[in-house]
Amino acid sequence: MWVTTVTAQEKTLNGRVIAEQEDVTGVTIQNLRSQKATITDFDGNFSIAVKEDDTLVFSSVQLKRKVVSVNKLLMNTSYVTVPMEPFVNELREVVVRPFGLSGDLSKDVGTLNTKVVDKYSLGLPNANAVFPSQSERLLKEATSGGAGVPLNPILNWITGRTKMLKNRVAIDKRFARTERIKEMYIDSIFQTEFKIPTNKVNDFMYFCEVDPEFQQLVARKDQLKLWAYMQRKSAIYRENNGIQE
């Protein structure tokens with residue numbers, strides 16, 4: 001009597017993680033059965049060994065966790081694209097009422113006994129580290145040469161890739177500055193002081209971002225002049241877009 005044992009075949013699954021306007025570098029992909037794992041490269045590409053009926057878990061700090069089952073269709077696929085969604089966990093406005101607080105910061109600040117707990121107070125070894133953005137990493141990669149004749153920087157300069165990446169880095173920095181300014185004001189400020197509807201806030205901030213005067217004021221860190229600028233610019237934006245106060 002012969003007993004035949006059928007063993008599931010293993011293959012290397014190649015693919016790419018995509019996420020709109022999010023960095024897909026360093027996304028962790030774990031095979032729960034084999035306990036093997038890998039991470040994505042600068043462009044979100046990955047390779048991992050799988051068998052049919054395996055379960056892959058995709059996870060990242062800035063993206064929602066995703067679980068993918070390895071079925072027959074996936075086993076017969078040479079390349080797979082895995083879309084992931086941004087993980088949003090924001091708290092823009094807080095109303096304080098308990099513990100005898102009035103909600104008026106000027107009155108409550110003298111009675112509060114608080115201690116800030118962050119990477120600096122905890123003494124973490126990377127507290128002062130500044131991590132480059134995806135665009136900055138790609139630019140460094142494009143302008144760095146390996147051993148011998150550095151052909152990579154030359155080819156990227158000829159093809160215009162270096163110039164394109166420099167422009168992308170500049171755009172990313174402007175956007176980051178704009179987001180920091182946006183976070184300085186709670187949502188209600190845009191409606192009550194600048195008279196900008198909630199669904200138009202991002203468009204209004206971009207309207208300011210492309211103005212060289214806005215960039216100069218942000219660089220100077222002059223909050224009073226920046227406030228006056230935002231009020232003046234909001235009036236122009238409302239007039240251009242037919243928004244009534």
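Which residue in β3 is the bridge partner of I29? The views below start with that hairpin. This is a predicted model, so local features need pLDDT of at least 70 and side-chain atom pairs count only at pLDDT 80 or more, while totals for chains, interfaces and linings use all residues. Residues are numbered from 1 along each chain as its sequence is written, and side-chain values use heavy atoms, with hydrogens and water left out.

**View 1. The hairpin of β2 and β3.** The partner of I29 is T38 in β3. Strands β2 (residues 28-31) and β3 (residues 36-39) run antiparallel and are joined by 4 bridges. Helices (H or I, at least four residues) and strands (E, at least two) are DSSP runs, numbered from the N terminus, and two strands pair if DSSP finds at least two bridges between them. There are 4 residues between the strands here, and Q35 takes a positive phi near 60°.

**View 2. The hairpin of β5 and β6.** This one has 2 residues between its strands. β5 and β6 (residues 63-69) pair in the antiparallel sense over 5 bridges. Look for F58, which stands opposite K66 in β6.

**View 3. F46 and F58, an aromatic pair.** Rings of Phe, Tyr and Trp (its six-membered ring) pair if their centres lie within 6.5 Å; planes under 30 degrees apart count as stacked, over 60 as edge-to-face and the rest as tilted. By this rule the count comes to 6 aromatic pairs. F46 and F58 meet edge-to-face, at 5.5 Å centre to centre with 75° between the planes. F46 sits in β4 (residues 45-51) and F58 in β5 (residues 55-60), so their pair ties together parts that are 12 residues apart in sequence. Both F46 and F58 are buried, where buried means under 20% relative accessible area, exposed over 50% and partly exposed in between (1.4 Å probe, protein chains only).

**View 4. The largest nonpolar core.** A nonpolar core is a set of buried Ala, Val, Leu, Ile, Met, Phe, Trp, Tyr and Cys residues joined through side-chain atoms within 4.5 Å. The largest has 19 residues, and those with the most contacts inside it are V17, F46, V50, L56, F58, V82 and M84. Two or more residues come from each of β1 (10-18), β4, β5, β6, α1 (72-75) and β7 (79-83). β4 gives the most, with 3 residues.

**View 5. Helix α9 and its buried face.** At 1.5 Å a residue (times one less than its number of residues), the 18 residues of α9 (residues 223-240) should span 26 Å; the end C-alpha atoms are 25 Å apart, which agrees. L226, Y229, M230, K233, S234, Y237 and R238 are buried. Seen down the axis of α9, these buried residues fall within an arc of 160° (taken from the directions from the helix axis to the C-beta atoms), so they line one face of the helix. The face turned away from the buried side carries the exposed residues L224 and E239. G242 follows α9 and has a positive phi, near 65°.

**View 6. The ring cluster at α7 and α9.** Ring pairs link F194, F204, F207, W227 and Y237 into a cluster. Y237 is buried, with a relative accessible area of 1%, whereas F207 counts as partly exposed at 23%. K233 lies over the face of F207, at 4.7 Å from the ring centre; the rule asks for NZ of Lys or CZ of Arg within 6 Å of the ring centre and within 35 degrees of the ring normal.
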